[in-house]
Amino acid sequence: MKAPRILLIVGGGIAAYKACELVRLIRKGGGSVTCVLTNGGAHFVTAMTLAALSENPVHTTLWDLKNEAEMGHIQLSRQADLVVVCPATADLLARMAAGIADDLASTLLLATDKPVLAVPAMNVRMWQHAATRRNVATLRGDGVQVLEPDEGPMACGEFGPGRLPEPVVIWAAIEASLGKYNEHLPLTGKHVLVTAGPTHEPIDPVRYIANRSSGKQGFAIAEAAAIAGARVTLVAGPVVLPTPTGVDRVDVESAREMADAVEAALPADIAVLVAAVADWRAAEYTGRKIKKNGAGPPALALAENPDILAGLAKSNRRPSLLVGFAAETNNVLEHAAEKRLRKGVDWIVANDVSGDVMGGALNTVHIVTAHGTESLPEMPKSDVARALVARIADAFA
Ligand code: C5P
């Protein structure tokens, strides 16, 4: 694909500072950026910053006659492959939805014949207001792609949906959009196998060995892979999570059931094994409830479970890209690098689970490959999923 050209409209919100990082990522990803700064945006970042990062002139006003002679607003709006509005404020979304053209940004948005991706960021009440809901629905109906904002603490001190997604995630969405507008999703035709959640290892009919895995990260990866066009099989341990749209789900309880389900789902082009598989199971399963008999606690003998990931790495049906996870509480990167080699997998996604990652909404991961380690900032698990799937798509590009 030739280098994508992005027209980036920077609206007036505190999240505008993240647009600077986005410019850097687009350029790092091989794209070129031309920035348009609204009056509001100029209160948060300067044209100088965006010009320096994009190495292109920044456009700020419709009434720049010299500019109008050299490059009219119609031409500016059409020479890009994709128009990105980031941050898209409530006001900008409203003016886009109403078709208002009273400044450079809104005029370009009305004049463009190119796909538009809007990345909203605003206060949670503004995002949830009926007027904004209506405007977003109108824009989506008009074919504008409107990303969902992240949920979390906001600059204004409130909590909820309305935060700008991390720049790496916006870049992944840009890449996905460019792929889509090329009529080809990045993982079309690929079969992606994902495992997620804990396993439950029965001791007797009422007791089992478990762990704190919620399945959220694995489910998010399955969803992101499906959005990227893959056929997805999700082998899920016991969790209460809705099945992502377009994903084939196989529910299992124990590690051995998970191993069988993984085997049955092969062949796959890509496997991402996220599940926190129990290392051990009760060596003997008693069909009857073990009773307290006054003789003290019973001994619980353990047997080792199959290592599904290591087994898949050795299998003659090994997927061409095999990704494992490593939940660690100390020396995260060292253990991950060691695990990658020992288990014979291509990538290990390492995360530090010493905090409340297990069951929580946020994750901080490091992607360890043969070429080195990429550390991503702390972000929602859905964003981690999108970023990982973007890298998987790159590996197959
Ligand atoms: O060795 P450890 O359990 O830390 O390895 C974690 C990785 O291995 C994860 O990708 C997990 O899904 C996978 N695994 C597995 N089968 C096991 C244990 C772990 O597939 N029995």
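Helix α1 (residues 16–28) lies across three strands, β1 (5–10), β2 and β3, and runs at about 175 degrees to β1. Helices (H or I, at least four residues) and strands (E, at least two) are DSSP runs, numbered from the N terminus. Angles run from 0 to 180 degrees between N-to-C directions, with axes fitted as lines to C-alpha atoms, for helices over the stretch in contact. Helix α2 (residues 47–54) packs on the sheet too, touching β1 and β2, and its direction makes about 170 degrees with that of β2. Contact here means heavy atoms within 4.5 Å.

This is a predicted model, with local features needing pLDDT of at least 70 and side-chain atom pairs pLDDT 80 or more, while totals for chains, interfaces and linings use all residues. Residues are numbered from 1 along each chain as its sequence is written, and side-chain values use heavy atoms, leaving out hydrogens and water.

Now to the sheet itself. Five strands form an open sheet in the order β2-β1-β3-β4-β5, with parallel pairing. At its edges are β2 (32–37) and β5 (145–146), each pairing on one side only. Two strands pair if DSSP finds at least two bridges between them; β3 (residues 82–88) and β4 (residues 116–120) have four, in the parallel sense.

What about the cysteines? A disulfide is a covalent bond between the sulfur atoms of two cysteines. With a cut-off of 2.5 Å between the sulfur atoms, a search of the whole structure finds zero disulfides. Buried means under 20% relative accessible area, exposed over 50%, partly exposed in between (1.4 Å probe, protein chains only).

| Cysteine | Nearest cysteine sulfur | Relative accessibility |
|---|---|---|
| C20 | C35, 8.2 Å | 12%, buried |
| C86 | C20, 9.8 Å | 0%, buried |
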